[in-house]
Amino acid sequence: MAASSLTFAVIFVTASALLFAEAEYQYQEVHGVLQNGNRCVCKMQFSAWEFPVERFGQLQDLSQNCTKSLEERKLEATFVESKIPEFQKELLNLSAQLQQYEAMYKQQLYQPLNFWSLRRDLKQLSSDIAKAQSVPSSTTNLLRKIFTEMLDARLSVKNLQQYDKHNLLSMKDHLKKMKNRLQSFSVYGNVPIGNCSEGILLNISEPIVAQLNPYGTSYHYGGWGMDSKPGSPQLYWIMALQSSNIYGNSIRTYTSYKNFLTAKSNIDISVKSSFTTTNAIQGPGVVVYNNSLYYNCYKSGEMCRFDMATKAITNVLLPDAGYENKFPYCYYDCYSHSDMDFSVDENGLWVIYATEENYGNIVLSKIDSISLAVMQTWKTKLFKKAATNAFVICGVLYATRYISETEEEIFYMYDTINNQEAQNLKIRFVKYSPNVANIHYNPADRRLYIFNGGYMLAYELRFY
């Protein structure tokens, strides 16, 4: 009977709890009967109430869902805890980087480009911490501490960037010159370079002229500059390859720098009546010297000289030279029909090309500017397709290569005076577009002129 009473009591309590929740405090009044002098027996009619089966099922489902959700939160918390060591390691790494920049700031050696990658890393770290903080866990305080340290690091970067911009640019240029001077010493040593008093090329400025060519953005290949003959009348010129980025038949000139900048009073001179005719212009490797345009003749291995005063054309075969895209400048992408490239320095006119006999390596020849006769030739060991362009200064051939869409590097030199060759120069300069179609030095103003993806750029040069 005791066991039966106990069973009754459990059933009573369970049923009462459900009825209490579902039946809005309904109850029954029952009368007990005393049995055996010390036991009260009550009889209840459970059929008086309906058992809430549907509600009981809902509560059971809710309980199971809560259990599942709790397990998921536990897994998320475990994942966040596992990521904290990574966050701490990354923060330590960023702190170490920041210490280097703080040292640069104290020594006034701040360089704004150095902070781009740091700001990116800080932004990524902030995003990762924010994601971790969105998940409830027992490590909230630790994450908050890491987030605070990240904010401090970001503030430090911001403070370092609040620097005098004028002194910054001056210091940046000074550091670049010192770096290039050190590099030049390591490459050249004490050996005299070239045949000019200026000596070694050390550094290239930011663009001092930057202008879109007058034909528009679709004309990516061509050349521009000033007449390269020292002492000749001032003449600025532009030649854009207007047919398939390969062929041209005219040149635009300006008789002053002011007219060039304002694009006024230009004179368009026709070289040939058609793009696809004998002695039309082929390729971007052109230059103007002593009022004459020098270029690779249409679909041939010949050099052409166009006298802009008389309109006469002289054409002479360049012996063994590759043409018709056989040995263009390349590096990542080949610059179409750049087989023959003319250059000018203090010694006069040069042509840069490659031959099968020299295994596709660059060949440099000194040219008579009137007859186009080859006066002397030098053979280098630089594969022409491994360079993006080349030019000559003081009898020294320099070659460039692609670094990025906005940066080019002079990496190679060949001295025609002592036949010294080096491939570890590291003189970098800014550009506006990936493709560098034409580079040439002008001894008249000692500037470098570049036709870069349709933009006309000019740079100051610094020598040791």
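A contact here means heavy atoms within 4.5 Å.

**Figure 1. Overview of the predicted model of the protein chain.** Counting contacts between residues at least 6 apart in sequence, 55% join residues at least 24 apart. The secondary structure of the protein chain comprises six helices and 25 strands. Of the 464 residues in the protein chain, 43% are buried. The chain exposes about 24,200 Å², and carbon and sulfur atoms supply 53% of that area. A search of the whole structure returns eleven salt bridges, some of which appear in the views below.

**Figure 2. The open sheet S14-S15-S16-S17.** Four strands make up this open sheet, in the order S14-S15-S16-S17, and their pairing is antiparallel. Strand S14 (341–345) and S17 are the edge strands, each pairing on one side only. On average, neighbouring strands of the sheet are turned by 25° against each other when direction is ignored. Between S15 and S16, the antiparallel pairing runs over six bridges. Within this part of the model, Leu-349 has Ile-367 of S16 as its bridge partner.

**Figure 3. Two residues with positive phi, Tyr-359 and Leu-372.** Tyr-359 is not a glycine, yet its phi is positive, at about 60°. This residue, Tyr-359, lies in the loop that joins strand S15 (348–354) to strand S16 (361–367). Leu-372, likewise not a glycine, has a positive phi of about 65° and is placed in the loop between S16 and strand S17 (374–383). Are these loop residues buried or exposed? Tyr-359 counts as exposed because its relative accessibility is 68%, where exposed requires over 50%. Leu-372 counts as buried because its relative accessibility is 1%, where buried requires under 20%.

**Figure 4. The salt bridge between Glu-357 and Lys-379.** The closest N and O atoms of Glu-357 and Lys-379 are 2.7 Å apart. This pair links distant parts of the chain: Glu-357 belongs to the loop between S15 and S16, Lys-379 belongs to strand S17, and 22 residues separate them. Glu-357 has a relative accessible area of 48% and is therefore partly exposed. Lys-379 is also partly exposed, with a relative accessible area of 44%. Side chains of opposite charge can pair when their charged atoms come close.

**Figure 5. The salt-bridge network of Arg-401, Glu-407, Glu-409 and Arg-428.** Salt bridges link these four residues, Arg-401, Glu-407, Glu-409 and Arg-428, in a network. One of the pairs consists of Glu-407 and Arg-428, whose side chains meet at 3.6 Å, N to O. That pair links distant parts of the chain, with Glu-407 in strand S20 (residues 407–415) and Arg-428 in strand S22 (residues 427–430), 21 residues apart. Glu-407 counts as partly exposed at 26% relative accessibility. Arg-428 is partly exposed as well, its relative accessible area being 35%.

**Figure 6. The surroundings of Thr-400 in strand S19.** Strand S19 spans residues 396–404 and contains Thr-400. Because its relative accessible area is 0%, Thr-400 is buried. Which side chain makes a polar contact with the side chain of Thr-400? The partner is the side chain of Thr-388, at 2.7 Å. Leaving aside residues up to four places away in sequence, Thr-400 touches several further residues, among them Ala-387, Asn-389, Phe-391, Ile-410, Phe-411, Phe-429 and Ile-439. The residues touched by Thr-400 also include Glu-408 and Glu-409, and Glu-409 is one of the members of the salt-bridge network in Figure 5.

**Figure 7. The open sheet S7-S10-S11-S12-S13.** Five strands form this open sheet in the order S7-S10-S11-S12-S13, with antiparallel pairing. Strand S7 (247–248) and strand S13 (313–317) stand at the edges; each has a single partner strand, so one side of each lacks a neighbour in the sheet. Strand S10 (residues 281–289) pairs with strand S11 (residues 292–297) in the antiparallel sense over five bridges. The bridge partner of Val-287 in S11 is Tyr-294.

**Figure 8. The salt bridge between Arg-305 and Asp-307.** The side chains of Arg-305 and Asp-307 meet at 3.6 Å, N to O. Both Arg-305 and Asp-307 are buried.

Notes. Residues numbered from 1 in each chain as written. Predicted model: local features only at pLDDT ≥ 70, side-chain atom pairs only at ≥ 80, totals over all residues. Heavy atoms only, no water. Helix = DSSP H or I, 4+ residues; strand = E, 2+ residues; numbered from the N terminus. Buried < 20%, exposed > 50% of the residue type's maximum accessible area, 1.4 Å probe, protein only. Areas by Shrake-Rupley, 256 points an atom, 1.4 Å probe, with all protein chains shown as cover. Polar contact = N/O pair within 3.5 Å; in protein donor to acceptor, adjacent residues only side chain to side chain. Pairing = 2+ DSSP bridges. Axes fitted to C-alpha atoms, helices over the stretch in contact; angles between N-to-C directions.
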